[in-house]
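Grab a pencil and work through these exercises on a two-chain model. Try each task before you read its solution.

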Amino acid sequence: MDHTPAPTGRTRLDSYVDRYAARTAGMTASEIRALFSVASRPEVVSLAGGMPNISGLPLDVVGGAIADLISDAGPTALQYGSGQGTPELREQICEVMALEGISAHPDDVVVTVGSQQAVDLVTRIFCDPGDVVICEAPSYVGALGVFKAFECEVVHAEMDEHGLRPDALRAAIASLCEAGRRIKFLYTIPNFHNPAGVTLSAERRPEILEICREADVLILEDNPYGLLGFDQAPMRALRADEAEGVIYLGSFSKTFAPGFRVGWALAPHAVREKLVLAQESATLCPPSFSQMAVSSYLREHDWQGQVKQFREMYRERRDAMVDALEDLMPPGCSWTVPSGGFYVWLTVPPGVDTKAMLPRAVTARVAYVPGTAFFADGFGSSAMRLSFCYPTPERIREGVRRLAGVLEEEMELRATFGATGTHEALTRSRYDGPGSDQA
Amino acid sequence: MTQTDPSTGASTGRVVVVAGGLSHERDVSLRSGRRVADAMRGAGLDVEQLDADSTLLPRLAEDPPSCVVPMLHGETGEDGAIREVLELLDLPYVGARPTACRSAFDKPTAKALVEAAGVHTPPSVCLPHETFRELGAAAVMSALTDRLGLPLMVKPARSGSALGCSVVRSPADLPHAMVDAFAYGALALAERFVVGTEVAVGVVDTGDGPRALSPVSIHPDGGVYDYTARYTAGSTEFQVPATLPQDQAAECARVALLVHETLGLRDVSRSDLIVDDEGTVWFLEANVAPGFTETSTVPLAVQADGLELGALCAELVDVAVRRGPARA
């Protein structure tokens with residue numbers, strides 16, 4: 001049976017249309033999001049998705065560990081647990097963070113449902129509608145979605161090839177203070193930035209900390225890719241040199257597997273207390289089963305050896321993408337060369353609108369994420385995020401070849417019609433980013 | 001599994017709904033397919049939903065269904081290609097034959113045929129990108145606005161779901177609109193924008209001749225029935241039967257039936273129309289695989305007319321099964 005209620009006369013096909021919260025105003029269907037449905041087909045080389053490539057995981061080992069977990073500790077693994085997370089995993093998380101110079105106590109760690117939930121919880125406890133969050137330009141689409149959901153105002157600060165520019169941060173803070181605005185925190189991804197692909201240089205880190213310390217701005221350091229550097233030892237975390245002014249977020253999604261949805265927040269004591277209460281309100285507790293599975297993996301398996309394998313695989317894919325871009329991209333394009341992580345940020349010649357070009361790309365069987373998804377203010381139309389984490393090196397080259405052809409056609413079209421501007425005013429209030437499997 | 005429809009006595013075996021595909025409207029197609037498949041299951045049919053990919057033909061060949069319901073939107077689905085292939089496989093299907101699909105899907109062709117049958121359609125010009133490049137975009141656009149005036153509706157010549165469509169109110173907006181339309185195809189159609197009430201009229205034929213469903217008038221919050229207005233529940237108000245004087249509603253129904261017959265459509269179609277302030281009914285486009293999503297107009301009209309969606313689809317399948325396969 002089709003259970004849709006029969007309309008009578010006048011209908012909006014949504015019985016609750018006048019009851020939604022005002023913050024749902026931007027939750028609308030979008031052509032761009034619909035196009036990502038095509039990107040999921042195998043004929044399309046998707047350079048859009050940010051899915052970790054877990055093909056190298058020893059699934060037999062993981063499967064055995066999970067079977068043992070159920071047989072040995074099933075009643076605990078399948079039961080509710082603590083809102084803060086299991087003690088064993090929190091201890092292990094401290095060992096993981098020590099690789100980036102962080103000295104922390106397990107009591108200050110809160111396990112979350114992926115670090116995405118940690119962004120949500122931190123925003124939930126800090127931000128009222130209208131509060132300001134400073135983000136890099138561009139910034140992570142999933143975090144921007146959270147800030148929008150909590151009705152924050154996002155102010156972007158520019159980056160360059162060395163990461164967040166201290167002068168841009170200083171200027172943003174000064175301008176906001178002058179306007180009497182309340183800055184709740186700086187959201188930053190210092191390592192192998194999503195989507196920009198750049199890393200905050202070691203030289204800039206103390207300066208960023210100092211700027212925030214002076215202005216009394218809390219830092220939310222989101223670091224899911226920190227252990228995935230190709231050419232160097234892990235960078236020293238901001239949190240390693242500032243315990244009180246930084247909330248650090250980590251994740252096992254990239255170093256192990258995203259399906260477990262295990263991440264964490266390391267926060268100053270008072271903040272941690274509130275995060276636990278917020279976590280209990282949101283989920284009661286992070287999943288015991290996932291936490292114990294991750295603990296078992298960390299305890300029983302050479303997880304650092306596995307991360308090393310991931311790094312080598314991603315490095316090969318990064319090289320394939322950068323080589324292909326150098327060989328195939330038309331003049332006028334530029335791109336970042338990441339030293340880790342998953343993403344390249346491609347800037348296209350002036351006049352080309354990557355959002356308007358996406359249908360043409362999908363027709364050519366290649367997908368990317370338009371740059372506008374990574375800005376809260378509609379900017380970014382002359383850039384796109386390319387992801388190299390999932391396709392094989394051969395598919396990456398083929399995808400870049402297709403993309404280059406699309407770009408050349410688009411440039412020709414733009415040459416015919418002249419610079420046409422962008423749809424910035426139309427995109428400001430709408431989430432046009434990819435879904436959860438693409439973010 | 002074979003079902004027997006007690007009202008007709010016909011036997012209907014397994015039905016395959018084909019949805020998805022690689023067109024820009026994949027997402028809409030999947031939603032339409034899911035709703036139609038669910039509705040037919042509710043009516044007691046044995047239904048399987050398949051994507052249009054490289055596994056489709058082997059599966060159809062291995063276990064031929066009694067009927068295929070193509071719910072693919074956009075190219076392949078509506079340009080006749082999938083139906084051509086179904087005819088190659090000797091499979092009965094619901095909907096128009098390939099030649100009719102080609103005429104209906106190509107907007108300039110459909111407009112010309114319908115206009116020749118005496119139906120008003122807004123004046124329009126259809127051009128490829130190459131023409132603008134070779135003759136100079138500014139000169140061509142100037143000639144275009146001189147002839148058609150403003151505002152204009154610019155859209156891809158072969159596409160659906162309002163993808164790539166823009167209303168152009170000043171000459172400065174035209175280049176952008178052309179670029180957006182060309183993002184979805186090689187031909188762009190610029191059409192004089194008719195101010196009025198947008199109306200969709202479904203036509204169904206369950207064996208006793210085509211009949212028009214109640215016209216549905218469409219009142220999007222933003223004034224333009226674009227992709228967002230079409231697929232965000234709550235953002236458009238629909239009125240069914242349409243808020244039109246009786247004679248205008250009757251004229252909409254007459255036009256939709258005339259379009260259905262003129263284009264040689266079969267089983268089900270939808271005509272998109274505008275009724276202007278003087279009460280003139282203008283034809284905009286025809287759909288050979290109209291949407292059946294939760295926010296689509298044909299299911300709305302079906303329910304408003306007291307029909308049950310699953311039962312109606314089952315009847316259309318029954319007609320197709322009785323008709324049997326068509327040879328390409």
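**Exercise 1. A loop residue with an unusual backbone**

Asp216(A) sits in the loop between α7 and β8 (219-222) of chain A. Work out what is odd about phi of Asp216(A), and decide whether Asp216(A) is buried or exposed.

*Solution.* Keep in mind throughout that this is a predicted model. Start with the backbone: phi of Asp216(A) is positive, about 60 degrees, although the residue is not a glycine. Next, count neighbours: there are 9 other C-beta atoms within 10 Å of Asp216(A). The cut-off for exposed is 12 or fewer, so Asp216(A) is exposed.

**Exercise 2. The counterpart in chain B**

Do the like for Ala162(B): where does it lie, what is its phi, and is it buried or exposed?

*Solution.* Ala162(B) belongs to the loop between β7 (152-156) and β8 (166-168) of chain B. Its phi is positive, near 65 degrees, and Ala162(B) is a residue other than glycine. Now the neighbours: Ala162(B) has 20 C-beta neighbours inside 10 Å. Being buried takes 20 or more, so Ala162(B) counts as buried.

**Exercise 3. Cis peptide bonds**

Check omega ahead of Pro195(A) and Pro241(B), then place each proline in its chain.

*Solution.* In chain A, the peptide bond from Asn194(A) to Pro195(A) has omega near 15 degrees and is cis. Pro195(A) is found in the loop between β7 (183-188) and α7 (204-215) of chain A. In chain B, Val240(B) and Pro241(B) are joined by a cis peptide bond, with omega about -5 degrees. Pro241(B) falls in the loop between β13 (236-240) and α10 (246-262) of chain B.

**Exercise 4. Two helices that cross**

Take helix α4 (residues 114-126) and helix α8 (residues 269-283), both of chain A. Describe how they cross and which residues meet.

*Solution.* First, the geometry: the two axes come within 10 Å and cross at roughly 110 degrees. That angle makes α4(A) roughly perpendicular to α8(A). The hand of the crossing is right-handed.

Then the contacts. From α4(A) come Leu121(A), Arg124(A) and Ile125(A); from α8(A) come Lys274(A), Leu275(A), Ala278(A), Gln279(A) and Ala282(A). Sorted by class, the contact has five nonpolar, one polar and two charged residues. A rule of thumb helps you read those residue numbers: an α-helix has 3.6 residues a turn, so residues three or four places apart point the same way.

**Exercise 5. A helix that's been walled in**

How many residues of α11(A) are buried, and what covers them?

*Solution.* Go along the helix and note the buried residues: Thr354(A), Lys355(A), Ala356(A), Met357(A), Leu358(A), Pro359(A), Arg360(A), Ala361(A), Val362(A) and Thr363(A). That's 10 of the 10 residues, so α11(A) is largely enclosed by the rest of the structure. From chain A, the cover includes α1, β13 (366-367), β14 (369-370), β15 (383-387) and α12. Chain B takes part too, with α8 (174-182). After α11(A) comes Arg365(A), with a positive phi near 65 degrees.

**Exercise 6. Where the chains touch**

How many residues of each chain are in contact with the other, and which elements of chain A supply at least two residues each?

*Solution.* Count both sides: 33 residues of chain A contact 42 residues of chain B. On the chain A side, β1 (9-11), α1 (31-39), α11 (354-363) and α12 (393-417) each give at least two residues. By class, that side of chain A has 15 nonpolar, 10 polar and eight charged residues.

**Exercise 7. Overall build**

Test each chain against the radius of gyration of a compact globule, then add the fold's vital statistics.

*Solution.* For chain A, 439 residues call for a radius near 22 Å, and the chain has 22 Å, so it agrees. Chain B, with 328 residues, should come out near 20 Å; it has 20 Å, which agrees too.

Now fill in the rest:

- Chain A has 13 helices and 15 strands; its C-alpha trace spans about 65 × 60 × 50 Å along its principal axes, and 50% of its residues count as buried.
- Chain B has 12 helices and 15 strands; its C-alpha trace spans about 60 × 45 × 35 Å along its principal axes, and 59% of its residues count as buried.

How values were computed:
Residues numbered from 1 in each chain as written. Chains lettered and ligands numbered in written order. Predicted model: local features only at pLDDT ≥ 70, side-chain atom pairs only at ≥ 80, totals over all residues. Axes fitted to C-alpha atoms, helices over the stretch in contact; angles between N-to-C directions. Helix = DSSP H or I, 4+ residues; strand = E, 2+ residues; numbered from the N terminus. Parallel < 35°, antiparallel > 145°, perpendicular 65-115°, else oblique. Left-handed = near helix turned anticlockwise from the far one by under 90°. Contact = placed C-beta atoms within 7 Å. Nonpolar A, V, L, I, M, F, W, Y, C, P; charged D, E, K, R; others polar. Rg over C-alpha atoms; globule rule 2.2 N^0.38 Å.
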